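A learner and a teacher sit down with a structure and ask how its features are to be read.

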Amino acid sequence: PAPLLSFVMAASVPMPADVAPPGLAWTSQRSGVDVDCLATASWASRMPTPLATESLRNLLPGAAACALTATVAAVARASRRRTNGPAVAVRAHARIRASRRAATATSTVGPHVLPLPTLALEAGGTFSDGGDARIPSTSGSRIVAVCGRDGAGKSKVCAALLELGEPAAVRASPTSPLFADKARLLEFEPAELRRNFSCYNHIYSQRASDSEIPQRLHLIDTPGHVDRLPLLDRALHIAHGAIFVCSVHGDVDDECGQVFAAVKRSRKPSVVFLNGIDRGDDADSFDAAVVELQQRLGIPPVVLFAPAHISGAHTGSLLLNVLDNSMCSALECALGGGADGKVCGQLATWAKRLRHQQIRSLAAVDDEMAEAFAEFDGEVPRMLIWSALRRAAAAGEVMPVIAGSAKCGLGVDALQEAVRTFLPARGSGPLLQELGVEPLGEVGFSPESPFLGWAFGCRRVGGERLLDVRVLDGTLRPMQTLKAVRSVGPGGAFAPGRLLAHGPRGELVPCQAGGPGDLVLVPAPETLGAVGQAGFVLSDECRPFGPGRPIELREARTGRCTFPLQLGRLRREERTRLLEALDALVQEDDGLSLQADAHTGDYRLCCMGALHMELLQERLAEEFAVADLPLGRSRAAPDGNVAGAPAPE
């Protein structure tokens, strides 16, 4: 269309000859007239709109792709809606020109080096770096909550991912019984060893990359029992996204649904790992598990890897890469293509059916995929499926599904790649609103920015007070002067002499730097005050802040069972020690509360259930030397149900 061509003439930038479309040259903007921009736009306009848009993103340099694809999409939408297409193009043209003028004025290296995120924002916030801003960047560290019901294999998945991060020379073979050995790779509390399931959150980190600012994958292994859901909520609040672990053998039950409800409540994107195909890899069982996932969880699953059963091969030894129509084996799977070549016969038919299911699920939630589905009669090119999948997964509208086996490492490498591909590491805005602080200037995800972090927890190790900190922006290093920023209450400045991080087995190890997305531990003075349930912002002393007000964005989960404390039978010093211990535990346990009646002075202890109360009693005895917790009979739960069981012995 003529408005598009005139727009291209005004908004184009020089294009290297080695990436120009065949038969086209790209003239410099300084020559006065970009004649060949017209040819490029003409070349694109003869193609279906989705394919033209994706091709331009891949072919053109970032700023040109940003400008051109934004206008292609705007004019196409205007044509479909029978609105004023030229007016749409002119408005987009004006935004790009204004952005380019501002970028040229502020650039110190010439008019053709543009800050692409700014350009994308001015163009309507759709495209950046030659692509779609709704597609997450794969750079930076990630914090992932590994969740699921008890027995689904969460801890085994954590162990397999940690094994994957080990150097090849020391990594156990997938065929060895030592691969992903939990006793060798994970830590356990005594209460968990007694019960043989997770009761607390555990944080592990893969070995850091060899770079000045290392990139790490941080895993939070969460409990799956309904009494421990507050810990899952806490982990999801800290994390960028979730790995939801289910068994392929039909354990998507009500308990599994409760865990996933917490994931949906957090509004964090997730990737599903269907574990256990080493015990059965038939297509019927897998299809049934996928159908049950959608019915129970209510979000469309998009299968990326499915079990591939071939006569003569060991059960659960191969995976089918649905998008690329190829197969792969343990530790050889990648989202970009399988290692064992293309498939044929029944597997090819099954791959085609699963790929059509992918397209239909994506078309239901993504407008661009819906357009492509209509224009290509269902046979959508791979690059369009891939872009739509990344947009929809980052928005939490679909669940990428990877089948595999944590026991033998099948699909674990694809799962790790999916975490970086589909779970965005940005998005600190809602968290800062909740904390009630407003940094002045842009808060990005760049290691070059002034440090900005969130202190969300506190612990004592060897008498030293350590803050648990998630790095939101910038880089944190030892001896850096920091300040605490709170919406209310005192702050304070200090300079920690060292940093710590979680090691591959949960141990604390020295850390030279923490970049965007990292979890680090920062020694802090006692004068900094209590962390509290919400935490506070920790910042480089040079970063300015404006006035802010806390906004309640996360509703805390409350206990379901209430017990009266019968303190009359305790001596005065025993009563004081008990209340001090309970007050300390309440500060760190989201599902526990201690309430005092202002008129009678009686105390009520509210918890999540019997398991929660058992763990509370054990911690009182082991950490505070309080052997007696005098409880009366439980009363009506907050939801109105009467819990008439006697207090646990």
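The dialogue below takes up the chain, its sheets, selected residues and a pocket.

Q: What kind of model is this, and how many helices and strands does the secondary structure of the protein chain come to?

A: The model is predicted. Its protein chain contains 19 helices and 24 strands.

Q: What share of the residues counts as buried?

A: A residue is called buried when its relative accessible area is under 20%. Of the 649 residues in the protein chain, 51% fall into that class.

Q: Among contacts between residues at least 6 apart in sequence, what share joins residues at least 24 apart?

A: In the protein chain, that share is 68%. Phe545 offers a case to examine: this residue lies in strand E21, residues 545-546. Its C-alpha atom is separated by 7.2 Å from that of Val437, although the two residues are 108 apart along the chain. Leaving aside residues up to four places away in sequence, Phe545 touches Val437, Glu438, Pro439, Leu440, Leu452, Lys483, Val485, Val537 and Ser539.

Q: How should I read strand pairing, and what are the bridge partners of Lys483 in E16 and in E20?

A: Strands of a sheet pair through backbone hydrogen bonds, in either a parallel or an antiparallel sense. Here strand E15 (residues 482-485) pairs with strand E16 (residues 492-494) in the antiparallel sense over three bridges. E15 also pairs with strand E20 (residues 536-540), again antiparallel, over four bridges. Lys483 has Ala493 as its bridge partner in E16 and Ser539 as its bridge partner in E20.

Q: In what order do the nine strands of the open sheet lie, and is the pairing mixed or not?

A: The order is E4-E5-E3-E6-E7-E11-E8-E9-E10, and the pairing is mixed. The edge strands, each of which pairs on one side only, are E4 and strand E10 (326-328). From one strand to the next, the twist averages 25 degrees. For a parallel pair within the order, consider strand E8 (residues 301-307) and strand E11 (residues 399-403), which are joined by four bridges. Pro301 stands opposite Met399 in E11.

Q: Which strands does helix H16 touch where it packs on the sheet?

A: Helix H16 (residues 412-422) touches strand E3 (142-147), strand E5 (217-221), strand E6 (241-247), strand E7 (270-275), E8 and E11. The direction of H16 makes about 170 degrees with that of E7.

Q: What is the order of the open sheet of three strands?

A: That sheet has the order E22-E24-E23, with antiparallel pairing. Strand E22 (561-565) and strand E23 (593-596) are its edge strands, each pairing on one side only. Neighbouring strands are turned by 25 degrees against each other on average, direction ignored. E22 pairs with strand E24 (residues 603-607) over five bridges in the antiparallel sense, and Leu565 stands opposite Tyr603 in E24. Helix H18 packs on this sheet and touches E22, E23 and E24, its direction making about 130 degrees with that of E23.

Q: Why does Arg604 count as partly exposed?

A: Partly exposed residues lie between the buried limit of 20% and the exposed limit of 50%. Arg604 is placed in this class because its relative accessibility is 25%. This residue is in strand E24. Its C-alpha atom is separated by 9.0 Å from that of Leu631, 27 residues away along the chain.

Q: How many of the residues of helix H7 are buried?

A: Helix H7 (residues 154-164) is mostly covered, with ten of its eleven residues buried. Among the buried ones are Lys154, Cys158, Glu163 and Leu164.

Q: How is empty space found, and what is the volume of the largest pocket?

A: A probe the size of a water molecule, rolled over the atoms, shows where empty space is left. In this model the largest pocket has a volume of about 1600 Å³. Its lining comprises 46 residues, of which Cys458, Arg459, Asp468, Glu588 and Arg619 lie nearest the centre.

Q: Which elements supply the lining of the largest pocket, and how do its residues divide by class?

A: At least two lining residues each come from helix H9 (190-195), strand E4 (202-205), helix H10 (229-238), strand E13 (452-461), strand E14 (464-473), helix H18 (572-588) and helix H19 (610-624). H19 provides the largest share, eight residues. By class, the lining has 20 nonpolar, nine polar and 17 charged residues.

Methods. Residues are numbered from 1 along each chain as its sequence is written. This is a predicted model: local features need pLDDT of at least 70, side-chain atom pairs count only at pLDDT 80 or more; totals for chains, interfaces and linings use all residues. Side-chain values use heavy atoms; hydrogens and water are left out. On a 1 Å grid over the protein atoms alone, a cavity is a set of points where a 1.4 Å probe fits but cannot get out, and a pocket is an open set with protein on both sides within 12 Å along at least five of seven lines; lining residues have an atom within 4 Å of a point. Grid points are joined across faces, edges and corners, and a volume is the space filled by probe spheres set on the points. Ala, Val, Leu, Ile, Met, Phe, Trp, Tyr, Cys and Pro count as nonpolar, Asp, Glu, Lys and Arg as charged, and the others, Gly among them, as polar. Two strands pair if DSSP finds at least two bridges between them. Axes are lines fitted to C-alpha atoms, for helices over the stretch in contact, and angles run from 0 to 180 degrees between N-to-C directions. Contact means heavy atoms within 4.5 Å. Buried means under 20% relative accessible area, exposed over 50%, partly exposed in between (1.4 Å probe, protein chains only).
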